[in-house]
Amino acid sequence: MEGVLVRKIKKICVFCGANSGKDVAFVNAAFHLGEVLGKRKIDLVYGGGKLGLMGCVSTAVAQHERQVLGIIPSAFTVNNLVGETCGKEIKVATMQERLVMMMELSDAFIALPGGFGTLEELFQMISWAQLSIHNKPIGVLNINGFFNGLLSFVDHAVKQEFITPRARKILISATTADELVDKLQAFRFEPDPALSKLKWSPSSSQKEKLDLTLRL
């Protein structure tokens, strides 16, 4: 990465399935991502608990003595539904509050294979970046082509002029953890000139509070 401005990333939020998936490669990749984060001295923010790929990546990061923070809705903690979080845990009231906190506490975002929840989190972060609510890098770890269909659909939406080429650059992809983290560190945000002028509603506190209710 010689000659490339490297973004300082201290905490990465990982979105992924609470199931392990059909292919053992997903589990292996989740553990490996955790190892890569640990070796690079990057802390983890995730959805809490120990189920599926979420448990794999959090366990691996903790084993490398990096900080792990699970942000979890209180509803999920009833009857130990998702298992014990590997590291510190913050309970929130709603799914939206969880996602806002993940955005605020993380320097970058990675999606591993997962279901509707993972896709919602991924695309919410992308749409917020498009709106210049944040300027943090977002990537998918495309294990065994899991995200091929999704990436093809996004490119199709670009061709049909529903997504701009500028906005398409927000979503990064790679097939290995090291390559993906390198790409996240090299990411340079290109705000949309019109959308970057949007003013998000301030709160009564001294710092500006973002109104994240808008959905694209």
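A residue counts as buried under 20% relative accessible area, as exposed over 50%, and as partly exposed in between. Keep these cut-offs in mind while touring this predicted model.

**Stop 1: R40 and D182.** Select R40, which has a relative accessible area of 28% and is therefore partly exposed. Add D182, also partly exposed, at 27%. The two form a salt bridge, with 3.0 Å between the closest N and O atoms. R40 sits in the loop between helix 1 and strand 2, while D182 belongs to helix 7, so the pair ties together parts that are 142 residues apart in sequence. Now add D178: R40, D178 and D182 are linked in a network of salt bridges.

**Stop 2: R66 and D43.** Next select R66 and D43, a salt bridge whose closest N and O atoms are 3.1 Å apart. R66 lies in the loop between helix 2 and strand 3 and D43 in strand 2, so parts 23 residues apart in sequence are tied together. R66 is partly exposed at 26%, whereas D43 is buried at 10%.

**Stop 3: E121 and R98.** Move to E121 in helix 4 and R98 in helix 3, which are 23 residues apart. Their side chains meet in a salt bridge, 3.9 Å from N to O. Both residues are buried.

**Stop 4: the second largest pocket.** Keep R98 selected and add C16, A18, M54 and F76; of the 23 lining residues, these five are the closest to the centre of the second largest pocket. The pocket holds about 280 Å³ of space. Colour helix 4, which gives the largest share of the lining, four residues. By class, the lining has 12 nonpolar, seven polar and four charged residues.

Methods: Residues numbered from 1 in each chain as written. Predicted model: local features only at pLDDT ≥ 70, side-chain atom pairs only at ≥ 80, totals over all residues. Heavy atoms only, no water. 1 Å grid on protein atoms, 1.4 Å probe; cavity = no way out; pocket = protein on both sides within 12 Å on 5 of 7 lines; lining within 4 Å. Points joined across faces, edges and corners; volume = space filled by probe spheres on them. Helix = DSSP H or I, 4+ residues; strand = E, 2+ residues; numbered from the N terminus. Nonpolar A, V, L, I, M, F, W, Y, C, P; charged D, E, K, R; others polar. Salt bridge = Lys/Arg side-chain N within 4 Å of Asp/Glu carboxyl O. Buried < 20%, exposed > 50% of the residue type's maximum accessible area, 1.4 Å probe, protein only.
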